[in-house]
Amino acid sequence: MAEHRQLVILGGGPAGLTAGLYASRAKLDCVMLEKGMPGGQVMVTDWIDNYPGFPEGLSGFDLCEKMTAQAKRFGLEIRSGVEVTGVDLESEPRKLILAAGGEISCDSLIIATGARPNTLGVPGEKELTGRGVSYCATCDGPFFRDQEIAVIGGGNTAVQEAVYLTKFAKKVNLIHRRDELRATRIVQEQAMANPGINIIWDTVVQEIKSDDSGVSGLVLENVKSGAKSELTLSGVFVLIGTIPNNEMLPDCIELVDGFINTDAEMRTNIPGVMAAGDIRNKEVRQVINGAGEGAVAEMAAEHYLSRRAK
Ligand SMILES: Cc1cc2nc3c(=O)[nH]c(=O)nc-3n(C[C@H](O)[C@H](O)[C@H](O)COP(=O)(O)OP(=O)(O)OC[C@H]3O[C@@H](n4cnc5c(N)ncnc54)[C@H](O)[C@@H]3O)c2cc1C
């Protein structure tokens, strides 16, 4: 007989782990499915200084271990290395199709599959991530006090974050591949009026260079003239978009630009199906709100299950 659960949590990042903590404390018949190891993007985050309760900060790895241990203390069943390739939200009960074969059905589902930053794909980027290459200004800006840095991108996020980073960095080079920014006019005006920002137009990054302490500079190419140049700096913020991990989702779930639409209780347009964390359509993607949304999503699932049982 196919496996059936009251609640399935899809994804084991901060949102999924927090939902799992609440579900296991509530003694729901629940399983968490995670294609890698629990922790999500936090596993690849060098250091976290903005999660409350840890006054000295802690490594992303340590935070993942603590979140996982806390959920397991209450008996959460975590299945690592289990990828879900399809979700049937039109069937009753809902069904998840596993990459390794087989399926699990459930009365309620929390989707917490997260997102991933778009990358440049240039030499040096991967090796230097966490050593001067960052995808999150809010997370890593304060590490670049009085240094010269670059922001790559030209959309609202890149331009707004370039302005934010001038609070810390002594100079922010905003590098954009076109001759005009995509950001809204008001955001552009703020950047142009900021003396800490130097906009480099029509330019792409070809390579990120390093020395013993991490990022040391960029090799640039002007896309119009073909001229090459080098910039000496110690930090690069790549802010060229975020890709939702939505490949397994069916068309019937409501998305905005690929991210799941929910109400304030994390309910999607499908009854009994919640979403939490970076996969949601929202502005701020951080551990703290991902975890909070995981808790809210689990409580919405509990309410749904108890109403259903009546
Ligand atoms: C480099 C970097 C640094 C950051 N630094 C900070 C910081 O300092 N402070 C901060 O607050 N935030 C930081 N963030 C943001 C933070 O990591 C995210 O907001 C947070 O991890 C989102 O949690 P989540 O649970 O929604 O998703 P994720 O952490 O993305 O976790 C989603 C999980 O779902 C799993 N999954 C996806 N698809 C499937 C599938 N089909 N089957 C099974 N499992 C699946 C993934 O393997 C992953 O483990 C950083 C992000 C990055 C990229």
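## Exercises on a predicted protein–ligand model

Buried residues account for 41% of the 310 residues in the protein chain. Keep in mind that this is a predicted model. Let's work through it together.

**Exercise 1. Does the radius of gyration of the protein chain agree or disagree with that of a compact globule?**

*Solution.* Start with the expectation: for 310 residues, a compact globule would have a radius of gyration near 19 Å. The protein chain has 21 Å, so the value agrees with a compact globule. Next, look at the extents: the C-alpha trace spans about 65 × 40 × 35 Å along its principal axes. Then count the secondary structure, which comes to six helices and 21 strands. Finally, turn to the contacts between residues at least 6 apart in sequence: 63% of them join residues at least 24 apart.

**Exercise 2. Where does the ligand lie with respect to domain 1 and domain 2?**

*Solution.* Begin with the shell: 38 residues surround the ligand, and the closest are G11, G13, G40, G114 and G277. The elements that contribute two or more residues to this shell are helix 1 (14-25), strand 2 (30-34), strand 9 (115-117) and helix 6 (287-309). Sorted by character, the shell holds 18 nonpolar, 15 polar and five charged residues. Now bring in the domains: domain 1 (3-117 + 242-309) and domain 2 (133-238) both give residues to the shell, so the ligand lies between them.

**Exercise 3. Is I152 buried or exposed?**

*Solution.* First locate the residue: I152 lies in strand 11, which covers residues 148-152. Then count its surroundings: 25 other C-beta atoms lie within 10 Å of I152. The cut-off for a buried residue is 20 or more, so I152 is buried. Who are its partners? Leaving aside residues up to four places away in sequence, I152 touches L120, I175, V205, V236, F237, V238, L239 and I240. As for M32, it is 120 residues from I152 along the chain, and their C-alpha atoms are separated by 36 Å.

**Exercise 4. Which elements cover the buried residues of helix 6?**

*Solution.* Take the geometry of the helix to begin with: helix 6 has 23 residues and reaches 33 Å from its first C-alpha to its last, close to the 33 Å expected at 1.5 Å a residue. Next, list the buried positions: V287, G290, A291, E293, G294, V296, A297, E298, A300 and A301. To read that spacing, recall that an α-helix has 3.6 residues a turn, so residues three or four places apart point the same way. The cover over the buried residues of helix 6 includes strand 1 (3-10), helix 1, strand 3 (47-48), strand 8 (103-111) and strand 21 (273-275).

Definitions and conventions: Residues are numbered from 1 along each chain as its sequence is written. This is a predicted model: local features need pLDDT of at least 70, side-chain atom pairs count only at pLDDT 80 or more; totals for chains, interfaces and linings use all residues. A residue is near a molecule or strand if its C-beta atom, placed from the backbone, lies within 6 Å of it. Helices (H or I, at least four residues) and strands (E, at least two) are DSSP runs, numbered from the N terminus. Ala, Val, Leu, Ile, Met, Phe, Trp, Tyr, Cys and Pro count as nonpolar, Asp, Glu, Lys and Arg as charged, and the others, Gly among them, as polar. Domain bounds come from an automatic or database domain assignment. The radius of gyration is taken over C-alpha atoms; the globule rule is 2.2 Å times the number of residues to the power 0.38. A residue is buried if 20 or more other C-beta atoms lie within 10 Å of its own, exposed if 12 or fewer, and partly exposed in between; C-beta atoms are placed from the backbone. Two residues are in contact if their C-beta atoms, placed from the backbone, lie within 7 Å. The expected span of a helix is 1.5 Å times one less than its number of residues.
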